[in-house]
Amino acid sequence: MKRVFLLVLLVPVLLLSGCITSNVGAPTAVPLNTSGNVAVFTPDQGATPDGVVNTLPGTSESEVTPIPRTPQPTDAPGKGPLAGVVICVDPGHQDTGLTEKEPCAPWGPEANSSVNNTTMKAKATSGTTGISTKKTEYVINLEIGLKLRDALEALGATVVMSRVDNSSRISNRERALMANEAGCVLTFNIHCNGSDNTSVNGVELYVRGVGDNTAEYAQRSKTDLALGQKLLDRIIAATGAKKRSVNKSDNYTGINWRDHTTFIIECGFISNPDEDVRLNTPEYQDKLVSGIVKFVTDDYMNG
Ligand SMILES: [Zn+2]
């Protein structure tokens, strides 16, 4: 009897609050993670397994913080092992660089002057170009990024795309703040590498470095490095590419401004004739994506 009463009470509340699934722009359940530690969705974080905010009797609407979302071509199905997990997919670069400068990091030189991380950097660059295919990096990055979005959404994740076309005009800092605001717990920043030496090939990752020199940041960096090693192993297992390294760095705006675990994935060298061709095939892109997804489902979620 009591259960029936609760159901009767709950259904109109859900309807009135617009929280039934698949409405773009609705508040989204977010396992907030400002410490950089692994955050795994649990039901008591105020969300249903469908990944929607659940306004229970006794919880006023004002207590639910609406999370702004970027326009999504398709909404997350919200069911599956990644339901309730908010992930940013950030395909690097865009067709036009933004030469105006922005601060590379939120901290100042008094916190960290040992590396080139307190300078102003260009808001966005257009990246490199494939030596064989002549295809630009930002195009490949987006192709891989969209595949990754689809694969993560198919498992129920809520995916925030920093861009869904090549003509975006968004800075690296703006991309980072967008992910923070959306409550992302992970960002995959998709890039392709370049080198003057055309024989160089393989996959490498970047994670946060010394940062603002606090103990908390050091812990986040350590956590992200350990996760990065697992991610790189998954990508290598899936692709058969040469394993390079996971590098700590303070030089990337996209890492420095994010409040959650962020990986720059250099998916391969498009300055290498063979790797450039491989990176442009849907089959190889699928392998890359499957490695990243495997990391999320098997390493991150089980961490
Ligand atoms: Zn790049």
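This is a stop-by-stop tour of the structure you have open, with something to select at each stop.

**Before you start**

You're looking at a predicted model, where local features need pLDDT of at least 70, side-chain atom pairs count only at pLDDT 80 or more, and totals for chains, interfaces and linings use all residues. Residue numbers run from 1 along each chain as its sequence is written, and side-chain values use heavy atoms, with hydrogens and water left out.

**Stop 1: the whole chain**

Show the cartoon first. You should find seven helices and eight strands; helices here are DSSP runs of H or I with at least four residues, strands are runs of E with at least two, and both are numbered from the N terminus. Now switch on the surface. The protein exposes about 13300 Å², and carbon and sulfur atoms supply 56% of that (areas come from the Shrake-Rupley method with a 1.4 Å probe, and for residues only the protein chains shown count as cover). Of the 303 residues, 50% are buried. Buried means under 20% relative accessible area, exposed means over 50%, and partly exposed is in between, again with a 1.4 Å probe and protein chains only.

**Stop 2: the zinc ion**

Select the zinc ion, then His93, Glu137 and His191. These are its protein donors, through NE2, OE and ND1 in that order, at 2.1 to 2.2 Å from the ion. A donor is an N, O or S atom within 2.8 Å of the metal (3.2 Å for Na, K and Ca); water is not among the atoms, so sites may look incomplete. Along the chain, the donors follow the spacing H-x43-E-x53-H. His93 sits in the loop between β1 and β2 (98–103) while Glu137 belongs to helix α2, so this pair ties together parts that are 44 residues apart in sequence. Both His93 and Glu137 are buried.

**Stop 3: helix α2**

Stay with Glu137 and select all of α2 (137–154). Try your distance tool on its end C-alpha atoms: they are 26 Å apart, which agrees with the 26 Å that 18 residues should span at 1.5 Å a residue (the expected span is 1.5 Å times one less than the number of residues). Color its buried residues, including Glu137, Tyr138, Leu148 and Leu152. The buried residues of α2 pack against β1, β4, β5, β8, α6 (273–279) and α7. Just after the helix, pick Gly156, whose phi is positive, near 100 degrees.

**Stop 4: the nonpolar core**

Next, select Leu148, Leu152, Phe188, Leu231, Phe263, Ile265 and Val296. They have the most contacts inside the largest nonpolar core, which has 41 residues. Such a core is a set of buried Ala, Val, Leu, Ile, Met, Phe, Trp, Tyr and Cys residues joined through side-chain atoms within 4.5 Å. Elements giving two or more residues to this core include α2, β5, β8 (261–269) and α7 (282–300). α7 gives the most, with eight residues. Apart from this core lies another one, of eight residues, among them Val86, Ala179, Ala182 and Cys184.

Zoom in on Ile265. Leaving aside neighbours within four places in sequence, Ile265 is in contact with residues including Phe188, His191, Leu231 and Ile292, where contact means heavy atoms within 4.5 Å. His191 is one of the zinc donors from Stop 2.

**Stop 5: three rings**

Show the side chains of Phe188, Phe263 and Phe295, which ring pairs link into a cluster. Rings of Phe, Tyr and Trp (its six-membered ring) pair if their centres lie within 6.5 Å; planes under 30 degrees apart count as stacked, over 60 as edge-to-face and the rest as tilted. By this rule there are five aromatic pairs. Phe188 and Phe263 are stacked, 5.9 Å centre to centre with 20 degrees between the planes. Phe188 is in strand β5 and Phe263 in strand β8, so the pair ties together parts 75 residues apart in sequence. Both Phe188 and Phe263 are buried. The ring centres of Phe263 and Phe295 are 5.6 Å apart with planes at 90 degrees, so that pair is edge-to-face. It links strand β8 to helix α7, with Phe263 and Phe295 32 residues apart. Phe295 has 0% relative accessibility, so it counts as buried.

**Stop 6: Gly194**

Finish at Gly194, in the loop between β5 (186–193) and β6 (203–208). Buried or exposed, or partly so? At 42% relative accessibility, Gly194 counts as partly exposed. Not counting residues up to four places away in sequence, Gly194 touches Phe269 and Ser271. Gly194 and Phe269 are 75 residues apart in sequence, but 5.2 Å apart in space, C-alpha to C-alpha.
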